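Biologist: Before we begin, could you take me through the reasoning behind the words used for this model, one term at a time?

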Amino acid sequence: MEKEKKNGINKKLLLIIIVFAVILGAVIFALSFYGAISDPESLFDEPIPTAAPAVDAAPTPTAEPTPTPNPDDVLSAQSDEEFMSRRTNILVLGIDESTEREDWGSFRTDTILLVSVDFSDNDVCMVSIPRDSYVKLYNANGELVNPLLPYNKINSAFSAGGGAQKKGFEYTMTTIEQLMGINVDYYCAFNMNVVKDVVNAMGGVDYEVDVEVNMNGRTLSPGFQHLDGQGVLDYCRQRKGSSDIARIDRQQRMLTAILEQLKSTNQIVNLPTIYTAVQDNIMTNLSFKQISSLSLVALRMDMSQLSRYTVEGKAMDIYGKSCWCVYTAELEKLVDDIWGKNITVDPEIDYKYILAQIETNRQLIAAELNRGILAYNKAYTLLHDYKDYIDGDSYDALKAYAKALEDAIEKESKEELDMYTPPVEQLCYSICNQFGIQLY
């Protein structure tokens, strides 16, 4: 028992010694570690080189934001230098196509705008040619489309050439070249949807609307307002209650406002990108580089360098058509002022010549006109005063021929008068005999 007790004491003593040894070792290690960090030279066989005296270090540079590319540099890199080496004339056409009308080939040019760009000084001229201008139409080879009937409205040149699918652009360009005596090498045609897309892409445009616009149930009231693409399109298309010349003025002013806003918001550099986004609705023989060149001019030019003109003339009714007859003397002056060219415009498209031709034609067909007017007046009386006495078939036949004769009288067309006057006379005679009607 005593032996076991003695062994228990020895075990306790041994445990105390072990714990003490551990604590002592920890203390020695701590002292050693403290000495080492206090004297780092003791950790190495060779002494640590003495550090050079501290010098104020330069502050760590902070990352600079990437600079915004210079718009001029961006567009210059994309531009066509050869294209910019000479004055360029570009025909801009607005085709009367909308979402519900898809076949370009059957449409006419609602807007005809000749843009002349002088790259040497960034001067830009816009010359609007009224779509009803009564001129001679030429094909792509510079020949009259119809030598027997050479005159027509200028917007018919596009459809005469087969529209966009054939040679509509070439016919229109050549017709304008023959009219104005200048070269037109490029065209850019767009349908109505492009106007909306471009204006919406630039975030709309602020504009002073000067007339009330009513279009397909939509209304724009006069006043300064923010217009979206549809509003701009409606404003530019509005014709009811005004003339085509007034509409041309509105279109030119709207184009100017759009350009001003693009410049003021630094969006000119985005024009090539906008073009890429809407190019499915644009037909042009301009390349992307050439479009970038034109954007560069728009960026560099001052708004005072943008001039706008309209081919002057006189509104006239010619053979039942509302036409714009050109003042050739004013057109010659316009070409001289803009292009510095002394030209002679075809005198046979001058409004005075056209008036003289109409009067000569009227005298030549005076007998046919008088006979046609007499026959039409008889038909009109029967159709309106004796409708209840005439059977349906006779009534419908007389109505159809009378309408054709009315058109022939308005056109003062000898061929059509000779075609429709006799059947109207015969129908009137037959109806009067059949129903016992005495007119006079």
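Modeller: What follows is a set of questions and answers on a predicted model, each setting a value against a cut-off.

Biologist: Why is Cys125 called buried?

Modeller: The relative accessible area of Cys125 is 9%, and buried means under 20%, so Cys125 falls in that class. Cys236 counts as buried too, at 13% relative accessibility. As for bonds between cysteine sulfur atoms, the structure holds zero disulfides, a term that asks for two such atoms within 2.5 Å.

Biologist: What makes Glu82 and Arg86 a salt bridge?

Modeller: Their closest N and O atoms are 2.9 Å apart, and the cut-off for a nitrogen of Lys or Arg and a carboxyl oxygen of Asp or Glu is within 4 Å, so the pair qualifies. Arg86 itself is partly exposed, because its relative accessible area of 34% lies between the limits of 20% and 50%. The structure holds 20 salt bridges.

Biologist: How do you know that Arg87 and Asp118 form a salt bridge, and where in the chain do the two residues lie?

Modeller: The closest N and O atoms of Arg87 and Asp118 are 3.6 Å apart, which is within the 4 Å that a salt bridge allows. This pair links distant parts of the chain, with Arg87 in the loop between helix 2 and strand 1 and Asp118 in strand 2, 31 residues apart. The two ends fall into separate classes of accessibility: Arg87 is partly exposed, with a relative accessible area of 32%, whereas Asp118, at 17%, counts as buried.

Biologist: Which parts of the chain does the pair of Glu368 and Lys414 tie together?

Modeller: The side chains of Glu368 and Lys414 meet in a salt bridge, at 3.6 Å from N to O. Glu368 lies in helix 12 and Lys414 in helix 14, so the salt bridge ties together parts that are 46 residues apart in sequence. Lys414 is partly exposed, with a relative accessible area of 35%. Elsewhere, salt bridges that share partners join Asp210, Asp249, Arg253 and Arg308 into one network.

Biologist: Why is Val184 called buried?

Modeller: Val184 is found in the loop between helix 4 and strand 6, and its relative accessible area is 3%; buried means under 20%, so the word applies to Val184. Leaving aside its neighbours within four places in sequence, Val184 is in contact with Asn89, Leu91, Leu114, Met173, Ile176 and Glu177. The C-alpha atoms of Val184 and Val115 are separated by 9.6 Å, although the two residues are 69 apart along the chain.

Biologist: Which residues are closest to the centre of the largest pocket, and which element gives the largest share of its lining?

Modeller: About 840 Å³ of space lies in the largest pocket. Of the 25 residues that line this pocket, Tyr134, Leu148, Leu149, Tyr151 and Tyr319 are the closest to its centre. Strand 5, helix 11 and helix 14 are the elements that give two or more residues to the lining, and helix 11 supplies the largest share, seven residues. By type, the lining residues divide into 13 nonpolar, six polar and six charged.

Biologist: Which residues are buried in helix 5, and what follows that helix?

Modeller: Met192, Asn193, Val194, Val195 and Val199 are buried in helix 5. This helix is followed by Gly203, whose phi is positive, near 85°.

Key:
Residues numbered from 1 in each chain as written. Predicted model: local features only at pLDDT ≥ 70, side-chain atom pairs only at ≥ 80, totals over all residues. Heavy atoms only, no water. Buried < 20%, exposed > 50% of the residue type's maximum accessible area, 1.4 Å probe, protein only. 1 Å grid on protein atoms, 1.4 Å probe; cavity = no way out; pocket = protein on both sides within 12 Å on 5 of 7 lines; lining within 4 Å. Points joined across faces, edges and corners; volume = space filled by probe spheres on them. Helix = DSSP H or I, 4+ residues; strand = E, 2+ residues; numbered from the N terminus. Nonpolar A, V, L, I, M, F, W, Y, C, P; charged D, E, K, R; others polar. Contact = heavy atoms within 4.5 Å.
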